[in-house]
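Biologist: I'd like a close look at a single part of this chain, the hairpin at its start. Could you walk me through that part and then show me how the rest of the chain fits around the picture?

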Amino acid sequence: MGPKEVMTMIKENDIKVVDIRFMDFPGVWQHFSVPVSELEASSFEDGFGFDGSSIRGWQPIHASDMLVIPDASTAKIDPFYEAPTLVLIGNIADPITREAYTRDPRNIAQKAEAYLKQTGIGDTAYFGPEAEFFIFDDIRFESGRNHAFYMVDSEEGIWNSGREELPNLGYKPRHKEGYFPVPPMDKFQDMRSEMMLTLQKLGIEVECQHHEVATAGQGEIDMRFKPLLMMGDQLVWFKYVLKNVAYRHGHTVTFMPKPLFEDNGTGMHIHISIWKKGQPLFAGDKYAGVSQEALYGIGGILKHCKAICAFTNPTTNSYKRLVPGFEAPVNLAYSSRNRSAAIRIPMYSPSPKAKRLEFRTPDPSCNGYLAFSAVLMAILDGIENRIDPGDPLDKNIYNLPPEELAEIPSAPGSLEEALAALNEDHGFLLKGDVFTPDVIDMWIEYKTKNEVNAVKLRPHPHEFMLYFDI
């Protein structure tokens with residue numbers, strides 16, 4: 001879709017408002033609205049000005065002016081606003097040089113796709129994230145100098161089995177027993193279906209929706225794989241739709257990786273394949289029916305996993321999920337079918353077109369544009385440098401004796417560790433100017449100052465349980 005088609009779309013749908021959206025550095029969608037009269041064909045080149053110093057991780061106050069230039073191909077009609085509203089996702093540019101902004105996550109994704117073509121390895125990288133989430137009824141939290149607390153609640157929470165609900169009808173999934181129950185145990189089937197159907201109305205293909213393992217409303221909706229940039233756009237729409245559908249029903253959705261203690265966390269397994277001239281690059285005659293390129297790509301992910309976790313698992317809460325010995329795949333190994341490995345080769349279909357890698361460590365707190373780009377760059381580095389992934393691990397990692405387990409490297413144990421790994425290992429991300437030194441430095445600085453240190457400096461509520469009587 002080009003500018004002319006957008007203008008026709010506006011007339012045909014009697015659009016009154018245009019919403020311009022873009023992704024900030026950490027990964028939250030931002031927007032402003034203009035009356036439809038302000039959008040002209042020239043707007044797709046001239047853009048709209050805004051204050052870049054007010055966006056997290058972006059411009060200093062003395063160089064705050066920025067442009068957001070709408071991408072006509074992203075036009076969709078918002079399903080929630082009262083006034084008929086057209087949404088356009090924009091790219092960020094410098095108002096003087098007109099150059100694309102290095103810290104714009106969408107620009108990084110575009111450069112990653114361009115670099116793939118530049119290498120000659122392939123022309124399209126497909127991504128299919130399985131983003132999990134929780135639907136809660138109530139969320140309260142506060143953090144002050146002399147107090148801190150959080151409390152989440154859900155009608156599905158097993159902890160409410162004894163609550164007076166006038167009447168309490170039971171049917172609350174037990175811890176770790178929420179996978180695939182039918183109603184009335186699954187209380188959010190209709191809401192997830194509404195989420196799925198809303199996504200489909202926006203042109204986003206969905207493969208399935210279901211309840212997930214944890215109690216208290218954990219769910220999953222899977223989008224059909226798309227090229228990297230398109231999936232980056234779809235992931236922000238995905239989060240937006242789920243949150244707003246839940247909000248409309250008096251519920252709230254979170255993509256926090258570990259909102260509940262002693263139950264399954266929220267992951268985002270990412271399926272990846274590279275194609276060239278309409279042919280799948282990862283199908284072959286090696287282990288589990290993959291190609292040598294796929295094995296090298298696995299080698300790249302395993303080698304750089306600690307660094308790319310700074311983007312795929314970018315919160316301090318991410319590492320409450322990535323704990324050795326529990327459900328999350330922290331051990332850096334690969335396997336067919338074995339879901340305890342960080343990288344799995346799905347065996348659902350014998351078709352070469354279905355052959356792909358599944359990277360299971362990431363979680364949905366990530367900025368999709370940055371996470372997908374970092375994973376692709378690790379895969380390309382593996383292929384370019386013929387990185388051997390070693391032998392597959394087809395045993396149950398959780399049952400390995402300590403001496404064998406000690407030989408398997410592990411994902412980072414904290415965001416601080418992941419950022420340190422990124423500081424030491426980011427050369428592969430700089431190829432093709434995809435990630436720039438400025439982006440790496442600002443990511444580490446922002447995350448360290450605003451998240452790592454902010455959490456480290458505060459007493460934890462459980463420390464009072466452990467130490468107050470010392």
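Modeller: Let's begin with a term: a strand here is a DSSP run of E with at least two residues, and strands are numbered from the N terminus. Two of them count as paired if DSSP finds at least two bridges between them. Keep in mind that this is a predicted model.

Now the hairpin itself. Strand 1 covers residues 17–23 and strand 2 covers residues 29–35; the two run antiparallel and are joined by 7 bridges. For one of the matched pairs, look at V18, whose bridge partner in strand 2 is V34. Between the two strands sit 5 residues, and in this hairpin G27 takes a positive phi near 125 degrees.

Stepping back, the chain has 13 helices and 18 strands. Its radius of gyration is 23 Å, close to the 23 Å that the globule rule gives for 470 residues, so the chain is as compact as a globular protein of that length. Along the principal axes, the C-alpha atoms fill a box of roughly 65 × 60 × 50 Å. Of the 470 residues, 54% count as buried. Take contacts between residues at least 6 apart in sequence: 68% of them join residues at least 24 apart.

What about the outside? The chain exposes about 21700 Å², with carbon and sulfur atoms supplying 54% of that. One spot to find is a nonpolar surface patch of about 520 Å², made by I139, F141, Y150 and F261. F141 belongs to strand 8, residues 138–143. Because exposed means over 50% relative accessible area, F141 counts as exposed at 63%.

Key. Residues numbered from 1 in each chain as written. Predicted model: local features only at pLDDT ≥ 70, side-chain atom pairs only at ≥ 80, totals over all residues. Heavy atoms only, no water. Helix = DSSP H or I, 4+ residues; strand = E, 2+ residues; numbered from the N terminus. Patch = residues over 30% accessible without salt bridge, like charges linked within 9 Å, V, L, I, M, F, W, Y side chains within 5 Å. Areas by Shrake-Rupley, 256 points an atom, 1.4 Å probe, with all protein chains shown as cover. Salt bridge = Lys/Arg side-chain N within 4 Å of Asp/Glu carboxyl O. Buried < 20%, exposed > 50% of the residue type's maximum accessible area, 1.4 Å probe, protein only. Rg over C-alpha atoms; globule rule 2.2 N^0.38 Å. Contact = heavy atoms within 4.5 Å.
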